Amino acid sequence: MRNLLKTIFIASLLGSVIFPTASDADYSSLSIPQVKYQGGQPNPHPTAISSLLGQVARRTSIEVNREPLQIKLSDPNLYRYPFIYLAGNEKFESFSEEELHRLRNYLSFGGFLLIDDNSAKANSKFDTSVREMINQLFPQIPLQKISRDHSIFRSFYLINRVTGRKQINPYMEGIKIKGRTVLVYATNDFGGAWARDNLGQWSYDIIGGGSRQRQLTIRLGVNIIMYALTLDYKKDMVHLPIILERLRRSHSR
Amino acid sequence: MNILIEWFGLDPDQFNEVAMNMAAKDLSLVWILALVVAPLALWFFWTSLKRIQSPIRKIFLIALRVLTFAVLVFMLLKPELEFKKSHTLKNSIAVLLDDTKSMSIKTFPSETPRIDFVRRTFEKNRNMLESLKEKFQVDYYFASSQISPTSYAELGNRYQPKKAITDLENTFSQLRKRYEGKSLQGVMLFSDGADLAVEPETVSPEMLALLADWEGPVHTFQAGSNEMFKDLAIEELDSVDFGFIHQPVRLTVTISASNMGNKNIPLVLKEGNTILLSRIVEVREGQNQYPVEMEFTPGALGKRIYTLTVPHFAGESVATNNRRDFQVKVIRDRIRVLHLNGRPAWDSRFLREVLANHPKVDLLSFFILRTMGDDVASPTSELSLIPFPTNLLFSDYLNSFDLIVFQNFSYEPFIDKKYLHNINNYVKQGGAFMMVGGELSFQGGGYERTAIEAILPVQLERTSQPFIGESFHLQRGKSLLRHPILQLEKESSANAKAWQDLPELNGVNAGLKPRKNAHVLAEFDKGNKNYPVLVAGRVGEGRSIVVATDSAWNWNFRRVGEGGSGRHYYKFWNNLIAWLTDDPATRLLQLETDKERYEEGEDTLLRIRVLQEDYNPSIGTEVNLTIKSREGEEITETIKTDDNGEAAHQWTPQREGFYTVKVKVDVAGDKREADVGFSVFSETAEFQKPKVNETLLKRIAEVSGGRYEVLTEKTDLSAIKFPNPKVEVKTHSKSISLWDNWWTYGLILTFLFLDWFTRRKSGLS
């Protein structure tokens, strides 16, 4: 199967030589640009997303584009990428009204935003900025804890706890619009657990846990991406009996 | 009197009566003058005559004044002579003949239909009825829920038990209205009294009130009796008009039994000759009604006709109520879609949202989340992945789907090749299939030379074909602009603009060659080479579509980013679903009736629409129409379509039953057929309360002062009596005023002159 995909990939490359618009060829693959903003540190773990996408490619059938991308909310190409990642560890400047409006539309009509607090601190300045921003973005819809029966916890792996590089909170928070979770906010520094250095080694040690915790964080990242691409299909009746049985067994252990 | 007539210059032959009438309407002025003004004036005048010594003169003057006031009162009363011509009229008798269906019920042991008792009575009493005509105006009416005039002479042919409902209260109300101002001196009612508007053995208070002040007697003659009345009936049936395919339809049935003894009776539900369901009803002496709940599941779409029956036993009074036909229009409650995705991607995510949000779609999605080469770094028990239920989907439940979608999906290693043949057969037998592009579709999915390729509207070129990642605007096929899939907007210019405004696509599957009869609805026009992107085709009874790109989601999300909305993206996919699932509006030959069901004698209207292959109207096409009844009677007609490709045919079925209309057209060698069924129902409510209502007939006679009698072979009507008062009717008249003339005015002037003259002679001014 992998050989087949390689063949198609090579064929695609050949095609792109014949029809040279290379950037368009990435439409079939998953790219996750990182949101650029003013102030603070918008990219504390530059390799985090690339590393996560590598894990996604290795573990799942999703085709990914690991090229690091950064994008401003005002960028006209924003809507080419239905999944964006906003990370940081410092206070950042508020988005303009125009940017908030674009982001609101983006999320309301199909986009997905993962926000990751990389400070590894409770009640960090980044956390304050994020909550202010979300409050401005959706003043009528407060952030809510994502319950354990959410599809995010069963979209690929069966997960029953929220981890990260450092466990600040045992949960993620999110915003739901018309039944779809459009924004996920995690405070446990997911990016720190995902990031690798240029030699392929993990960039940061896991605080208060070992490789199992890192693995669980990677699984959570895979599940979040899988959820964004498949939504609630794991809640279809045909899937439920098997999933519930496995969950029951895992709880009884 | 003749002298008076001649004195006023009138023709004595034209008038035979004279009368004096007062024309004044308001008499208050007359009374004031006569009782107040005149006595006061006379008293005042009497006192003013003191200077006159002669009592004779005084009396003469007073008499003059009295006479003047008398003439004034006379004038105010406005008297006139009316000369008139009048003659004596016959009083009327109304004969009401119940002609409802219940009159066909037989009475045992003679097995004589109720209506025959009436017919025989009329035959036997012909002379009496003839003699009645000499004294009375005898009017005959058929009576059901209303009255319709007939005549004695017509009774032989027209008196048939056909009307749907007996409602005697309404009958008598209409009769009263008809004879308002006329002299109706009596009614003869021949009926079984089986009035649907009242409960058995009862009379409504309204009916009693109506008859209480009836002018003449109402004589009631009961046709038939309840003696030995034996009947098994489907008295009531509650069913829905619409049902959903593969969803249970509930029936609530009431069986009634009279004098049937103790029996176990089968209640059977059939469609055509196929028995769908059977229930045993335990009929026992002393119980008349038996409620039964039934449930069946329609297995085919369209107007389905079902029959519910109980057996007909020897000696039953009514045979027709042992069977009830009913119609259920079976529609799709939901369109069941199986959506297989080769990998999670934005194109499949956004299409899944369309399908999941479609109000009529029941969606079953599968995403291939991992391939055999992927390393999940976890035991299976920690994964949410489930085994792909191939056998279940493509063998057991395949036919329950209305549409199968392969989106960027490679069948190997998930589906055994033998199941591809199942999908092929499923489509040819009326199913729908759609392949959406991507690297894993078409040649990328290994579909060349498979049973799937055979059902696609494109052939797959054998050399390895790339998935071309180029951006392009989709070009619609110019000859297919009216195709329903391409209609994003109703109006053509708005539709063209909608297509123009759609963002460009990125990526197209190359190496697809449209089949001969396929419709290339849209393509990527790359100068010297065209890549078909949207191709539709028919395969056997089914339909299939190719969407050779994995970037249609641009029309949704990117369009929003450009300031538009995803409305046209949703509309596009909804059009595809409608066309694939053979929505009636997407058919090239459309046939429909104006109603779901008709009553007996009602006109039916058939509407036909014929479209060419490119969905332009087929003008002047001959439409061969065959209407067939269940009994095998057949009517054929040929009509032509108009400029809109439409034709209509109106027809009145002669009797109740179920009819099938088949339409055949030949559009440029393409022979098409369509059929539709409809039912003509005859009201059978009369048989729901078939018993004779003795109480009602007795009370009608009693309240109105008439006579009640049960009709037998020997019934003699000569004892029936009606009052016959003399009734005179004025035909014409002429009125002559007695006050508005010079004689009256001259008389007043004469009295006043004599008064003045006498007063002067007496020395008064």
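## A tour of chains A and B

In chain A, 77% of the contacts with a separation of 6 or more join residues 24 or more positions apart. Keep in mind that this is a predicted model.

**Stop 1: chain A as a whole.** Select chain A and show it as a cartoon. Seven helices and seven strands should appear. Follow the chain along the sequence and the pattern reads α-β-α-β-β-α-β-α-β-β-β-α-α-α. Now colour by burial. Of the 253 residues in this chain, 45% count as buried.

**Stop 2: two helices of chain A.** Select residues 48-59, helix α2(A), and residues 211-230, helix α6(A). How far apart are their axes, and at what angle do the helices pack? The axes lie 10 Å apart, and the angle is about 75°. Angles of 65 to 115 degrees count as roughly perpendicular, so α2(A) and α6(A) are roughly perpendicular to each other.

Next, show the side chains where they meet. On α2(A), pick Leu52(A), Gln55(A), Val56(A) and Arg59(A). They meet Ile218(A), Gly221(A), Val222(A) and Ile225(A) on α6(A). By class, this contact has five nonpolar residues, two polar and one charged.

**Stop 3: an open sheet in chain B.** Move to chain B and select residues 589-593 (β30) and 646-651 (β35). Add residues 604-610, strand β32(B). These three strands make an open sheet in the order β30-β32-β35, with antiparallel pairing. Which strands are at the edges? β30(B) and β35(B) are, each pairing on one side only. From one strand to the next, the twist averages 15°.

Zoom in on β30(B) and β32(B). Five bridges hold this antiparallel pair. To find one, select Glu592(B); its bridge partner in β32(B) is Arg607(B).

**Stop 4: a hairpin in chain B.** Select residues 657-667, strand β36(B), and residues 670-681, strand β37(B). The two strands run antiparallel and are joined by 11 bridges. Val663(B) is a good place to look: its partner in β37(B) is Ala674(B). Together the strands form a hairpin with two residues between them. Click on Ala668(B) in the turn, where phi is positive, at about 50°.

**Stop 5: a parallel partner.** Keep β37(B) selected and add residues 597-599, strand β31(B). Do these two run parallel or antiparallel? They run parallel, joined by three bridges. End on Arg597(B), whose bridge partner in β37(B) is Ser679(B). Strands of a sheet pair through backbone hydrogen bonds, either parallel or antiparallel.

Definitions and conventions: Residues are numbered from 1 along each chain as its sequence is written. Chains are lettered from A and ligands numbered from 1 in the order in which they are written. This is a predicted model: local features need pLDDT of at least 70, side-chain atom pairs count only at pLDDT 80 or more; totals for chains, interfaces and linings use all residues. Two strands pair if DSSP finds at least two bridges between them. Helices (H or I, at least four residues) and strands (E, at least two) are DSSP runs, numbered from the N terminus. Axes are lines fitted to C-alpha atoms, for helices over the stretch in contact, and angles run from 0 to 180 degrees between N-to-C directions. A residue is buried if 20 or more other C-beta atoms lie within 10 Å of its own, exposed if 12 or fewer, and partly exposed in between; C-beta atoms are placed from the backbone. Two residues are in contact if their C-beta atoms, placed from the backbone, lie within 7 Å. Angles under 35 degrees count as roughly parallel, over 145 as roughly antiparallel, 65 to 115 as roughly perpendicular and the rest as oblique. Ala, Val, Leu, Ile, Met, Phe, Trp, Tyr, Cys and Pro count as nonpolar, Asp, Glu, Lys and Arg as charged, and the others, Gly among them, as polar.
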